[in-house]
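Open the model in your viewer and keep the sequence panel beside it. The stops below say what to select and what to look for.

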Amino acid sequence: MKDVTATEASGLQGSKPSSLQAFKPSEHIRKRADFERVYQAGSKFSGRLMIMFTLGRDAGPARLGIAATRKMGAAVERNRAKRLVRELFRHHKPAVSIDVVVVPRREMLNAPYGRLEDEFRSLLGRHRSRAPQPQPVDGRAAGAGPGPSL
């Protein structure tokens with residue numbers, strides 16, 4: 001009689017996420033300049049479990065960056081928070097071209113996964129509902145005063 005491992009019994013052995021759910025290298029934000037661009041030019045949304053910065057892009061897949069600081073705790077806790085955020089992104093990947101940077105809070109580690117999903121979707125939804133900012137036609141900031149007198 002063959003011994004059955006826990007992974008075989010659960011049917012998880014050899015299963016891989018579908019290509020739509022996989023977290024591909026092209027979906028990572030890795031460069032400091034990209035993080036800074038999202039922080040400076042993007043929108044910030046705060047929740048109880050995480051802070052989310054978002055910035056729309058012209059083309060390409062949605063990308064995720066995670067900034068888990070030492071304030072969150074030891075490396076084990078930071079790594080667990082990062083795994084949770086990656087999983088949230090994989091399951092609720094935006095269809096639009098957007099950069100998302102998540103700063104997990106310590107409370108994330110003890111929260112049930114359903115609550116994490118709800119907050120992640122809520123914060124992403126706030127980005128979608130925000131109206132695009134009008135771009136000035138002549139290169140001046142909107143409301144910068146009257147134009148040149150002719």
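Two residues are in contact when heavy atoms of one lie within 4.5 Å of heavy atoms of the other. Keep in mind that this is a predicted model.

**Stop 1: Tyr-39**

Select Tyr-39, which lies in helix H2 (residues 32-41). What is Tyr-39 in contact with, leaving aside its neighbours within four places in sequence? The list is Phe-53, Ala-67, Val-101 and Val-103. Tyr-39 and Phe-53 are 14 residues apart in sequence, and their C-alpha atoms are 6.4 Å apart in space. Is Tyr-39 buried or exposed? Its relative accessibility is 28%, so Tyr-39 counts as partly exposed.

**Stop 2: the sheet**

Now show the strands. Strands of a sheet pair through backbone hydrogen bonds, either parallel or antiparallel. Here 4 strands form an open sheet with mixed pairing, in the order S1-S2-S4-S3. Strand S1 (43-46) and strand S3 (63-66) are the edge strands, each paired on one side only. From one strand to the next, the twist averages 20°.

Select residues 50-56, strand S2, and residues 98-104, strand S4. S2 and S4 run antiparallel and are joined by 7 bridges. Within this pair, Met-52 stands opposite Val-102 in S4. Next add helix H3 (residues 75-91), which packs on the sheet and touches S2, S3 and S4. The direction of H3 makes about 165° with that of S3.

**Stop 3: the nonpolar cores**

Select Leu-64, Val-102 and Phe-120, the residues with the most contacts inside the largest nonpolar core, which has 25 residues. S2, S3, H3, S4 and helix H4 (113-129) each supply at least two residues of this core. Which element gives the largest share? H3 does, with 5 residues.

Stay on Leu-64. Beyond its neighbours within four places in sequence, Leu-64 is in contact with residues including Phe-23, Val-85, Phe-89, Val-100 and Val-102. A second, separate core has 9 residues, among them Ile-29, Val-38, Phe-53 and Leu-55.

**Stop 4: charged pairs**

Side chains of opposite charge can pair when their charged atoms come close. The whole structure has 10 salt bridges. Select Arg-63 and Asp-34: they form one of them, with the closest N and O atoms 3.6 Å apart. Arg-63 lies in strand S3 and Asp-34 in helix H2, so this pair ties together parts 29 residues apart in sequence. Arg-63 is buried, with a relative accessible area of 14%, and Asp-34 is buried at 17%.

Move to Arg-37 and Asp-99, whose side chains meet in a salt bridge (3.0 Å, N to O). Arg-37 is in helix H2 and Asp-99 in strand S4, so the pair ties together parts 62 residues apart in sequence. Arg-37 is partly exposed at 34% relative accessible area, whereas Asp-99 is buried at 0%. Select Arg-57 as well: Asp-34, Arg-37, Arg-57, Arg-63 and Asp-99 are linked in a network of salt bridges.

For another pair, select Arg-106 and Glu-77, whose closest N and O atoms are 3.6 Å apart in a salt bridge. Arg-106 sits in the loop between S4 and H4, and Glu-77 in helix H3.

**Stop 5: confidence**

Finally, colour the chain by pLDDT. The mean is 80, and 71% of the residues reach 70 or more. Residues 1-15 have pLDDT below 50, and this stretch has 6 contacts beyond near neighbours in sequence. Residues 131-139 are also below 50, with 0 such contacts in the model.

Conventions:
Residues numbered from 1 in each chain as written. Heavy atoms only, no water. Pairing = 2+ DSSP bridges. Axes fitted to C-alpha atoms, helices over the stretch in contact; angles between N-to-C directions. Core = buried A, V, L, I, M, F, W, Y, C linked by side-chain atoms within 4.5 Å. Buried < 20%, exposed > 50% of the residue type's maximum accessible area, 1.4 Å probe, protein only. pLDDT = per-residue confidence, 0-100. Salt bridge = Lys/Arg side-chain N within 4 Å of Asp/Glu carboxyl O.
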